[in-house]
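I opened this entry to record what I looked up, working from enclosed space to a helix and then to open space. I keep to what the coordinates give.

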Amino acid sequence: MRILVADDHSLFRDGVEGLLQRLSDDVEVSKAASVAASQDALRAQEFDLIILDLFLPDAEGMSGLKHLRSIAPSVPIVVVSASEMSMDISDAINAGASGYIPKSTPTD
């Protein structure tokens, strides 16, 4: 399974990569720090899942999610965000996210 982790914090990207690789030996993780870098990764290879921080430096509001949804319409996108506001969650789902995980969620 090929997963793209898009978050502007290196420590978070590395932590998610470690968690995902513990799930299965066949997990391949690519990382991006921006929507632009995510777009480049999506042009270079196919992914089975995108894990996306909602607030990347080169995206405002849901624009990053909408953009990635438009260039990868069949790839599930799960938003992982520090925001736990119900409006952000519903806006993300309405913008095409397949799921939403608050960053405060325990790793187990």
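**Enclosed space**

I looked up the lining of the largest cavity first, and I find that Val35, Leu52, Asp53, Leu54, Leu56, Ala59, Gly64 and Leu65 line it. I note here that this is a predicted model, and I read every value below with that in mind. Sorted by class, this lining comprises 6 nonpolar, 1 polar and 1 charged residues. I then checked the volume, and the largest cavity holds about 30 Å³ of space. With the threshold set at 30 Å³ or more, the count is 1 cavity.

**Helix α2**

Val35, which I had already met in the cavity lining, made me turn to helix α2, residues 35–44, where the buried residues are Val35, Ser38, Gln39, Ala41 and Leu42. They lie on the same side of α2, because the arc they cover around the axis is only 160°. I recall that residues three or four places apart point the same way, because an α-helix has 3.6 residues a turn.

I next asked which elements cover these buried residues of α2. Among them I find the strands β1 (2–6), β2 (28–32) and β3 (49–52), together with helix α3 (63–71). On the face of α2 turned away from the buried side, I find the exposed residues Arg43 and Ala44.

I also looked at how the N-terminal end of α2 is finished, and it is capped by serine 34, which places a side-chain oxygen 3.0 Å from the backbone nitrogen of alanine 37.

**Open space**

For the largest pocket I noted a volume of about 390 Å³. It is lined by 16 residues, of which Phe12, Val16, Leu19, Ile101 and Thr107 are the closest to its centre. Which element gives the most to this lining? It is α1, with 7 residues, while α1 (10–23), β4 (77–81) and β5 (99–102) each supply at least two residues. By class, I recorded the lining of the largest pocket as 12 nonpolar, 3 polar and 1 charged.

**Aspartate 91**

Last, I looked up aspartate 91, which sits in helix α4, residues 86–94. Is aspartate 91 buried, exposed or partly exposed? Its relative accessible area is 32%, so I enter aspartate 91 as partly exposed, given that buried means under 20% and exposed over 50%. I also noted its separation from methionine 62: the two are 29 residues apart in sequence, and their C-alpha atoms are 7.5 Å apart in space.

How values were computed. Residues are numbered from 1 along each chain as its sequence is written. This is a predicted model: local features need pLDDT of at least 70, side-chain atom pairs count only at pLDDT 80 or more; totals for chains, interfaces and linings use all residues. Side-chain values use heavy atoms; hydrogens and water are left out. On a 1 Å grid over the protein atoms alone, a cavity is a set of points where a 1.4 Å probe fits but cannot get out, and a pocket is an open set with protein on both sides within 12 Å along at least five of seven lines; lining residues have an atom within 4 Å of a point. Grid points are joined across faces, edges and corners, and a volume is the space filled by probe spheres set on the points. Ala, Val, Leu, Ile, Met, Phe, Trp, Tyr, Cys and Pro count as nonpolar, Asp, Glu, Lys and Arg as charged, and the others, Gly among them, as polar. Buried means under 20% relative accessible area, exposed over 50%, partly exposed in between (1.4 Å probe, protein chains only). Helices (H or I, at least four residues) and strands (E, at least two) are DSSP runs, numbered from the N terminus. The arc is that of the directions from the helix axis to the C-beta atoms. Contact means heavy atoms within 4.5 Å. A polar contact is a pair of N or O atoms within 3.5 Å; within protein, one must be able to donate a hydrogen and the other to accept it, and residues adjacent in sequence count only if both atoms are side-chain atoms.
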